Amino acid sequence: MIAEETLVNELKQKESQARAFEVLVNTYKERLYWHIRRIVLNHDDADDVLQNTFIKVYRNIEGFKGDSKLYSWMYRIATNESLTFLKQKSKKLGVSDEELKMKMVENLQSDVYFEGSEIQLKLQKAMATLPDKQKLVFTMKYFQEMKYDEISEVLETSVGALKASYHLAVKKIETYIKAD
Amino acid sequence: MGKDEKDNFKTPEGYFDSLHDRLMDKINQQETGTEDSIIPKSDGFTVPEGYFGHLPKKIFSKIDQKEPKVIQLKSYKKFYYGAAAIAAVFLLIFGLNWKTETPIAFEDLASAEIDAYFENTELDFSFYELAEVVAIDNLSFNDVLEDQLEDENILEYLDENVEHIEDLNLDYDDYE
């Protein structure tokens, strides 16, 4: 795999930009997709947000200073794009953020790209009750199996706070699933 | 089935091949604190067939589309500053010219405005100041009194209240 520093340099140079961007997309497309999908839940929405994320990365790579790792910078863009997308959607539909989250989970039952069982649907309902950041920490740790250090860089939160947040999320979800 | 040559112990087929994966799963479960959790290990989401294969093309075609032209506000700012400066110069020139060519004369002021000024402003003149500006020769008591006094009433008042008529320094010719 091409070194991150080399990739960033190639992305910033006109002659190597196109090829480097292709490498970037192929390297991160799946990871970013699943990150976004777990926030917006619907495939078409995830597809839109993912494309916008890559376009933003391409257009703003000049401004990437290298203070953080490239992947955490892209994860941050993807997270912001996803949350902004949901905010716009709730505004458009004239519902609150919480109402939208519940509606999104309800829509999963008729979603052709959701093949979850009853328990998986219940998991989504449980996650919809969590605060945004707690949900993010949970999905990044539990499903994306990211290390706390990596999550810390993306969410700009201390590892200690992330661990506390994660364990709290696990307890809440378990309690929700066990109920009734 | 695997077999140990010395002790004749056996292991399931392929046990050591999958050991690494199973170990990693176990480590991950311990790390996430979900070893015995009831939370499902997958979330049931799927993607359309061949989605990730077609994705790069879709992104590149979007990037290749001409970037929307960004209109810089700064260039307009320069124009606004220039226009404001020119307007200020014109105003200054015309303002000065107007002042020199047509000075506003006192006669040009509407008399209604002057009346309003005196009515609404407390001038607070003293009697001496009023005496200086008002010609007493052309003024009679009735000019300043709202209730008109008859000459007879005045004379009657003076007759009753003035002891020595000479103190008034009147020109007797006027009253005879």
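Contact, on this tour, means heavy atoms within 4.5 Å. Keep that in mind as you click around, and remember that what you have open is a predicted model.

**Stop 1: helix α6**

Select residues 118–128 of chain A, which make up helix α6. Is this helix enclosed or open? Of its 11 residues, 8 are buried, so α6(A) is largely enclosed by the rest of the structure. To see which ones, pick out A:Gln120, A:Leu121, A:Lys122, A:Leu123, A:Gln124, A:Ala126, A:Met127 and A:Ala128. Now bring up the neighbours: the buried residues of α6(A) pack against α5 (97–108), α7 and α9 (159–178) of chain A.

**Stop 2: α7 meets α2**

Stay with one of those neighbours, α7(A), and select residues 132–142. Add α2(A), residues 14–40. The two axes come within 11 Å and cross at roughly 140 degrees, which makes α2(A) oblique to α7(A). The crossing is right-handed. Which residues do the touching? Show A:His35, A:Arg38 and A:Ile39 on the α2(A) side, then A:Lys135, A:Leu136, A:Thr139 and A:Met140 on the α7(A) side. Sorted by class, this contact has 3 nonpolar, 2 polar and 2 charged residues.

**Stop 3: α2 meets α4**

Keep α2(A) on screen, hide α7(A), and select α4(A), residues 70–93. Here the helices pack at an angle of about 35 degrees, with axes 10 Å apart. This crossing is right-handed. From α2(A), show A:Leu24, A:Tyr28, A:Arg31, A:Leu32, A:His35, A:Ile36, A:Ile39 and A:Val40. Their partners in α4(A) include A:Leu70, A:Tyr71, A:Met74, A:Tyr75 and A:Ala78, and further along A:Ser82, A:Phe85 and A:Leu86. What is the mix of residue classes? The contact of α2(A) with α4(A) divides into 14 nonpolar, 3 polar and 1 charged. Look again at A:His35 and A:Ile39: they take part in the contact with α4(A) and also in the one with α7(A).

**Stop 4: a group of rings**

Finish with the aromatics. How many aromatic pairs does the whole structure hold? A search over all chains finds 16. Zoom in on A:Tyr142 and A:Phe143, which form an edge-to-face pair, 5.0 Å centre to centre with 90 degrees between the planes. Are these two buried or exposed? A:Tyr142 is buried, with a relative accessible area of 6%, and A:Phe143 is buried too, at 12%. Now widen the selection to A:Phe138, A:Tyr148 and A:Tyr166, which belong with A:Tyr142 and A:Phe143 to one aromatic cluster.

Terms used:
Residues are numbered from 1 along each chain as its sequence is written. Chains are lettered from A and ligands numbered from 1 in the order in which they are written. This is a predicted model: local features need pLDDT of at least 70, side-chain atom pairs count only at pLDDT 80 or more; totals for chains, interfaces and linings use all residues. Side-chain values use heavy atoms; hydrogens and water are left out. Axes are lines fitted to C-alpha atoms, for helices over the stretch in contact, and angles run from 0 to 180 degrees between N-to-C directions. Helices (H or I, at least four residues) and strands (E, at least two) are DSSP runs, numbered from the N terminus. A crossing is left-handed if the near helix is turned anticlockwise from the far one by less than a right angle, and right-handed if clockwise. Ala, Val, Leu, Ile, Met, Phe, Trp, Tyr, Cys and Pro count as nonpolar, Asp, Glu, Lys and Arg as charged, and the others, Gly among them, as polar. Angles under 35 degrees count as roughly parallel, over 145 as roughly antiparallel, 65 to 115 as roughly perpendicular and the rest as oblique. Rings of Phe, Tyr and Trp (its six-membered ring) pair if their centres lie within 6.5 Å; planes under 30 degrees apart count as stacked, over 60 as edge-to-face and the rest as tilted. Buried means under 20% relative accessible area, exposed over 50%, partly exposed in between (1.4 Å probe, protein chains only).
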